[in-house]
Amino acid sequence: MAEIQYRLEQKRQILGEFPGPKSAALTQRRKAVVAAGVASSVPVYVADADGGVIVDVDGNSFIDLGSGIAVTSVGASDPAVVGAVKDQAGHFTHTCFMVTPYEGYIEVAEELARLTPGDHEKRTVLFNSGAEAVENAVKVARLATGRDAIVAFDHAYHGRTNLTMALTAKAMPYKANFGPFAPEIYRVPMSYPYREETEIKGEDAARRAISMIEKQIGADSVAAILIEPVQGEGGFIVPAEGFLPTLAAWAKENGVVFIADEVQSGFCRTGTWFASEHEGVVPDIITMAKGIGGGLPLSAITGRAELLDAVHPGGLGGTFGGNPVACAAALAAIGSMRTFDLNARAQRIEKIVMDRLGALAAEMGDGGIIGELRGRGAMLAVELVRPGTARTTKEPNAQATKAVAAACLQAGVVILTCGTYGNVVRLLPPLVISDELLKDGLDVLVEAIRANV
Ligand SMILES: *Cc1c(COP(=O)(O)O)cnc(C)c1O
């Protein structure tokens, strides 16, 4: 396997006051011109980023455990991606694939046909954002089935556009006061093993959802089941084994399109190309974005040829969808995923994190604040609860979660939080992060959790 080379020194270093004077000045300028509705979780401004580090305008070097929300899996300045972007931009930045097409778009579609689960004939359409991919997967499913209803799950996150807000579960901050929402969206219970009242097998959790679908919607009215194989914003929830295959089998029996939203979980993040593979699920349509383009905005839907080709010519597309620079970046990023075997790296990250945090959880025991440690590959989470409730009432501890993230940041580690109850610390390091840097970041996290009991 190829050795990963870094341009910037891979270190954690906070110089003097935090945030530094240059970041503080940018915060002031920002207030005068940037809308308050777009909030940043970290009050420093980026000057450079590479491998596992982000360097701010004051020269502070942070360990990146967020990858810009699971985007820069190959690093934020992977030489292969940078080279491909420069080369493509030097020829043409845009022509619009719907007007004068180009090869890069086709090459990305060929890669996605190879990489996504299943050996059936596939078709692909490219877009710009995850939300746009989800919207289009729904459009295709409705047209192809001639049905209206879309089934989504508790704790789901699918985006911020009107249709995807309707599909997203959480009101604050994503939906509150932004309605009215698109109709014909139905929500059913997820399998969330840690928070089930009593232990329930994955198959039974799926039957619970299916029974609700059959009673409240009717199988014949359902166009699609839309689900994240590992839920992202909702709390990095991994459904119980058997949940996804049972839903997929029911969908197949009932002519319902099974859409896996792998916008966050795709492209080596969970230690396989797609999270659906962990249980051998073959989605009818798969949505992709975040990690696909090495940091450039690109998204895609890939699905069964008969579904995608049911749409009339001109029915799908968009001005920027499959931008040639983004396509070049995606081909280079996918190349780096192969070159550096980033699936193996994600599995290695899982081992390092689970060993370290598992030891902390064991040490804290049921009296501590670690409710559950979970996830797959380099999509890992610590759910925090009030002291002593980990095995009883499991009271979410959003306060400690916030404090842990803030303490990590002060010490030079960028860490994200998530979860319906705001009580989940999530780890999404770039897959190219070195073991050493990751371990240093984990030491900081362990200290921060200890300090908040
Ligand atoms: C981030 C995300 C989206 C939305 O993607 P955007 O690019 O932000 O529109 C959709 N689905 C999942 C699972 C996501 O994590």
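**Cavity, pocket, domain interface and backbone details**

A search through the whole of this predicted model turns up 1 cavity of 30 Å³ or more. The volume of the largest cavity comes to about 40 Å³. Its walls are made up of Thr-116, Pro-117, His-120, Lys-122, Pro-283, Asp-284, Ile-286, Thr-302, Gly-303 and Arg-304. Strand S10, which covers residues 299–304, puts in the most here, giving 3 residues to the lining of the largest cavity. Sorted by class, that lining has 3 nonpolar, 4 polar and 3 charged residues. As for the principle behind such a search, rolling a probe the size of a water molecule over the atoms shows where empty space is left.

Next come the open sites. The second largest pocket has a volume of about 330 Å³. It is lined by 18 residues, and those closest to its centre are Tyr-105, Thr-124, Val-125, Gly-314 and Leu-316. Strand S4 (residues 122–127) accounts for the largest share of this lining, with 4 residues. In terms of character, the lining of the second largest pocket splits into 9 nonpolar, 7 polar and 2 charged residues.

On to the overall layout. According to the domain assignment, the chain is divided into domain 1, made of residues 21–74 + 341–450, and domain 2, made of residues 82–339. Between the C-alpha centres of domain 1 and domain 2 there is a distance of 25 Å. Where the two meet, 41 residues of domain 1 are in contact with 35 residues of domain 2. The size of an interface is often given as the accessible area lost when the parts come together. For domain 1 and domain 2, the buried area is about 3,000 Å², and carbon and sulfur atoms give 55% of it. On the domain 1 side, Asn-343, Arg-376 and Met-379 do more than any other three residues, supplying 26% of the area that domain 1 buries against domain 2.

Charged pairs also show up at this interface. Side chains of opposite charge can pair when their charged atoms come close. Between domain 1 and domain 2, the count is 2 salt bridges. Elsewhere in the list of pairs, the side chains of Arg-426 and Glu-233 meet in a salt bridge, with an N to O distance of 3.1 Å. For the structure as a whole, the tally is 21 salt bridges. Another of these pairs is Arg-208 with Glu-196, whose closest N and O atoms are 2.9 Å apart. Arg-208 sits in helix H7 (residues 202–216), while Glu-196 belongs to the loop between strand S6 (185–188) and H7, so this salt bridge ties together parts that are 12 residues apart in sequence.

Finally, the backbone has a few spots worth a look. Most residues other than glycine have a negative phi, and most peptide bonds are trans. The peptide bond from Met-172 to Pro-173 is cis, with omega near 5°. Pro-173 is located in the loop between helix H6 (162–167) and S6. A cis peptide bond also runs from Gly-179 to Pro-180, with omega near 5°, and Pro-180 likewise has its place in the loop between H6 and S6. His-155 is not a glycine, yet has a positive phi of about 70°. The position of His-155 is in the loop between strand S5 (149–153) and H6.

Terms used
Residues are numbered from 1 along each chain as its sequence is written. This is a predicted model: local features need pLDDT of at least 70, side-chain atom pairs count only at pLDDT 80 or more; totals for chains, interfaces and linings use all residues. Side-chain values use heavy atoms; hydrogens and water are left out. On a 1 Å grid over the protein atoms alone, a cavity is a set of points where a 1.4 Å probe fits but cannot get out, and a pocket is an open set with protein on both sides within 12 Å along at least five of seven lines; lining residues have an atom within 4 Å of a point. Grid points are joined across faces, edges and corners, and a volume is the space filled by probe spheres set on the points. Helices (H or I, at least four residues) and strands (E, at least two) are DSSP runs, numbered from the N terminus. Ala, Val, Leu, Ile, Met, Phe, Trp, Tyr, Cys and Pro count as nonpolar, Asp, Glu, Lys and Arg as charged, and the others, Gly among them, as polar. Domain bounds come from an automatic or database domain assignment. Contact means heavy atoms within 4.5 Å. Buried area is the accessible area (1.4 Å probe) that two parts lose on being put together, summed over both. A salt bridge is a side-chain nitrogen of Lys or Arg within 4 Å of a carboxyl oxygen of Asp or Glu.
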